[in-house]
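Please open the structure in your viewer and keep the selection tool at hand. The tour below proceeds one selection at a time.

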Amino acid sequence: MTDEIVFYHNPQSRAQMAHWMLEEVGAPYRIVPISFEKGEHKTPEFLAINPMGKLPTIVHRGVVVTETAAIIAYLADIVPAAGLAPGIGDARRGAYYRWLFFGAGCFEPALLDTMLKRPPVERKSAVGYGSYEDVIHALKITLEKGPYLLGDMFSAADVYVGSQINWARMFDAPGLKGDPVFDAYITAITDRPAYKRVAAASQPA
Ligand SMILES: N[C@@H](CCC(=O)N[C@@H](CS)C(=O)NCC(=O)O)C(=O)O
């Protein structure tokens with residue numbers, strides 16, 4: 001896997017998660033900085049690549065990949081030597097999919113609804129994520145066994161879901177800060193060299 005990945009990036013965005021993953025796998029990539037202020041994500045050129053006009057977006061071997069979870073899972077697959085996804089046929093692959101999809105389908109909307117103070121829905125049973133509290137509980141009891149979402153194996157699911165937990169804690173989302181389980185988890189994943197490289201690169205000069 002030597003072909004360069006083109007990475008449309010803005011550090012003030014979900015693209016940080018993809019950046020961390022790019023560093024984890026060590027694949028060659030080239031950053032194309034996208035300024036939200038200048039509206040570079042809504043130009044005809046960029047919309048031709050990602051009609052949503054959103055980041056992160058990557059292009060690899062002529063194929064566009066959007067959606068943070070998909071990008072992260074794709075990167076794990078194209079660099080199997082990085083060991084960030086259980087192989088097909090490995091039972092842990094089920095848990096791996098579970099947490100990636102949970103991150104995109106349950107945790108993210110629960111988090112956004114909570115942070116944006118949207119009124120709670122009346123029919124929790126009809127809402128995919130149930131309630132914010134249910135989502136946090138599901139994460140917590142899994143990480144209690146830990147140390148990672150897949151037990152002993154750090155995976156791309158931790159890059160994705162862990163990034164979301166980390167972000168949520170920075171903005172004081174309920175139930176995540178000052179909790180020993182989440183504290184230990186965040187300490188462990190943010191201690192990774194790839195995470196630190198991206199964090200250092202994102203510091204204002
Ligand atoms: N579902 C997408 C969401 C991507 C997204 O909303 N990105 C934001 C930045 S965090 C964005 O590009 N916003 C610019 C805009 O929509 O104008 C994903 O998971 O990657």
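Begin by selecting helix H6, residues 156-170, in this predicted model. At 1.5 Å a residue, its 15 residues should span 21 Å. The C-alpha atoms at the two ends of H6 are 21 Å apart, which agrees with that expectation. Next, display the surroundings of H6. Because 13 of its 15 residues are buried, this helix is largely enclosed by the rest of the structure. Then select Asp172, which follows H6 and has a positive phi, near 55°.

Now turn to the sheet. In what order do the strands of the open sheet stand? The order is E2-E1-E3-E4, and the pairing of these 4 strands is mixed. Strand E2 (29-33) and strand E4 (63-66) stand at the edges; each has a single partner strand, so one side of each is left without a neighbour in the sheet. Direction ignored, neighbouring strands of this sheet are turned by 20° against each other on average.

Select strand E1 (residues 5-9) together with strand E3 (residues 57-60). These two strands run antiparallel and are joined by 3 bridges. To view a pair of bridge partners, highlight Val6 and, in E3, Val59. Add helix H1 (residues 15-25), which packs on the sheet and touches E1 and E2. The direction of H1 makes about 150° with that of E1.

Within helix H1, select Glu24. Is this residue buried or exposed? Glu24 has a relative accessibility of 15%, under the 20% limit, and therefore counts as buried. Show its side chain together with that of Arg192: the two make a polar contact at 2.8 Å. Leaving aside residues up to four places away in sequence, Glu24 touches Ala82, Leu84, Phe154, Val159, Arg192 and Ala194. One of these, Val159, is worth marking, for its number falls within the range 156-170 of helix H6, where the tour began.

Finally, select the ligand. Which residues surround the ligand? They are Ser13, Arg14, Phe36, His41, Lys42, Gly53, Lys54, Leu55, Pro56, Glu67 and Thr68. Display three of their side chains in turn:

- Lys42 has a polar side-chain atom 3.4 Å from an oxygen atom of the ligand.
- Lys54 has an N or O atom in its side chain that is 2.7 Å from an oxygen atom of the ligand.
- Thr68 places a polar side-chain atom 2.7 Å from an oxygen atom of the ligand.

Notes:
Residues numbered from 1 in each chain as written. Predicted model: local features only at pLDDT ≥ 70, side-chain atom pairs only at ≥ 80, totals over all residues. Heavy atoms only, no water. Pairing = 2+ DSSP bridges. Axes fitted to C-alpha atoms, helices over the stretch in contact; angles between N-to-C directions. Contact = heavy atoms within 4.5 Å. Expected span 1.5 Å × (residues − 1). Buried < 20%, exposed > 50% of the residue type's maximum accessible area, 1.4 Å probe, protein only. Near = heavy atom within 4 Å. Polar contact = N/O pair within 3.5 Å; in protein donor to acceptor, adjacent residues only side chain to side chain.
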